[in-house]
Amino acid sequence: MTDTMKCPACSSEHAYQDRGLWVCPECGHEWSGAAEAAADTAQDAGVRDANGNLLADGDSVIVIKDLKIKGSSSVVKGGTKVRNIRLQDASDGHNIACKIDGIGAMNLKSEFVKKA
């Protein structure tokens, strides 16, 4: 058996494939491996906010908690509305580039914002 899959219900490693379904012998749960793989790729596609909403360039977002600005004594207060965001690929997790009134250009992590 080259393809091993864990049961999503009980996390058993003894699941086996029967035609188009995966079956767990320990809990009896059956699921479709293709549907699960499609759901995983659909969930990973795009940048999502703290509530799971898909973000796009030009959206407006609201900061959900106070964020300290590195190298400064300034703070971006929770509830601050940020308009016209740009999405970017960043290895450090800061995947939103924006300009905040009174502070200037900065990068934010999508986990600290919600779609307005």
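What is the accessible surface of the protein chain, and what share of it belongs to carbon and sulfur atoms? The accessible surface comes to about 7,800 Å², and 45% of it belongs to carbon and sulfur atoms. The model shown in the following views is predicted.

**Figure 1. Overview of the protein chain, with one helix and 13 strands.** Along the sequence, the elements follow the pattern β-β-β-α-β-β-β-β-β-β-β-β-β-β. The protein chain has 116 residues, and 24% of them count as buried. Among contacts between residues at least 6 apart in sequence, 34% join residues at least 24 apart.

**Figure 2. Ser12 and its surroundings in the segment before β1.** Strand β1 covers residues 16-18, and Ser12 lies in the segment before this strand. Ser12 has a relative accessibility of 5% and therefore counts as buried, the limit being under 20%. With neighbours within four places in sequence left aside, Ser12 is in contact with Met5, Lys6, Cys7, Cys24 and Glu26. Two of these contacts, Cys7 and Cys24, are taken up in the next view.

**Figure 3. Cysteines Cys7 and Cys24, in a structure with zero disulfides.** The cysteine sulfur closest to that of Cys7 belongs to Cys27, at 3.6 Å. A disulfide requires sulfur atoms within 2.5 Å, so the sulfur of Cys27 is too far from that of Cys7 for a bond. Cys24 is likewise in no disulfide; its nearest cysteine sulfur is that of Cys10, 3.6 Å away. Cys7 counts as buried at 2% relative accessibility. Cys24 is also buried, with a relative accessible area of 1%.

**Figure 4. The largest nonpolar core, made up of 15 residues.** Val76, Val82, Cys98, Met106 and Leu108 touch the most other members of this core. Strands β6, β11 (96-100) and β12 (104-108) each supply at least two of the core residues. The most comes from β11, which gives three residues. Not counting residues up to four places away in sequence, Leu108 touches Leu67, Gly93, His94, Asn95, Ile96, Cys98 and Val113. A second, separate core has five residues, among them Ala15, Trp22, Cys24 and Trp31. In soluble globular proteins, nonpolar side chains tend to be buried together.

**Figure 5. The open sheet of three strands in the order β9-β6-β13.** The pairing in this sheet is antiparallel. Strands β9 (81-82) and β13 (113-115) stand at the edges; each has a single partner strand, so one side of each is left without a neighbour in the sheet. Which strand is joined to β6 (residues 61-63) by three bridges? The strand is β13, and the two run antiparallel. One residue of this pairing can be located directly: Val61 has Lys115 in β13 as its bridge partner.

**Figure 6. The open sheet of three strands in the order β10-β11-β12.** The pairing here is antiparallel. The edge strands are β10 (86-87) and β12, and each pairs on one side only. How many bridges join β10 to β11? Two bridges join these antiparallel strands. Arg86 stands opposite Ala97 in β11. Strands β11 and β12 of this sheet also each supply at least two residues of the largest nonpolar core.

Notes. Residues are numbered from 1 along each chain as its sequence is written. This is a predicted model: local features need pLDDT of at least 70, side-chain atom pairs count only at pLDDT 80 or more; totals for chains, interfaces and linings use all residues. Side-chain values use heavy atoms; hydrogens and water are left out. Helices (H or I, at least four residues) and strands (E, at least two) are DSSP runs, numbered from the N terminus. Buried means under 20% relative accessible area, exposed over 50%, partly exposed in between (1.4 Å probe, protein chains only). Contact means heavy atoms within 4.5 Å. Two strands pair if DSSP finds at least two bridges between them. Accessible areas come from the Shrake-Rupley method with a 1.4 Å probe; for residues, only the protein chains shown count as cover. A nonpolar core is a set of buried Ala, Val, Leu, Ile, Met, Phe, Trp, Tyr and Cys residues joined through side-chain atoms within 4.5 Å.
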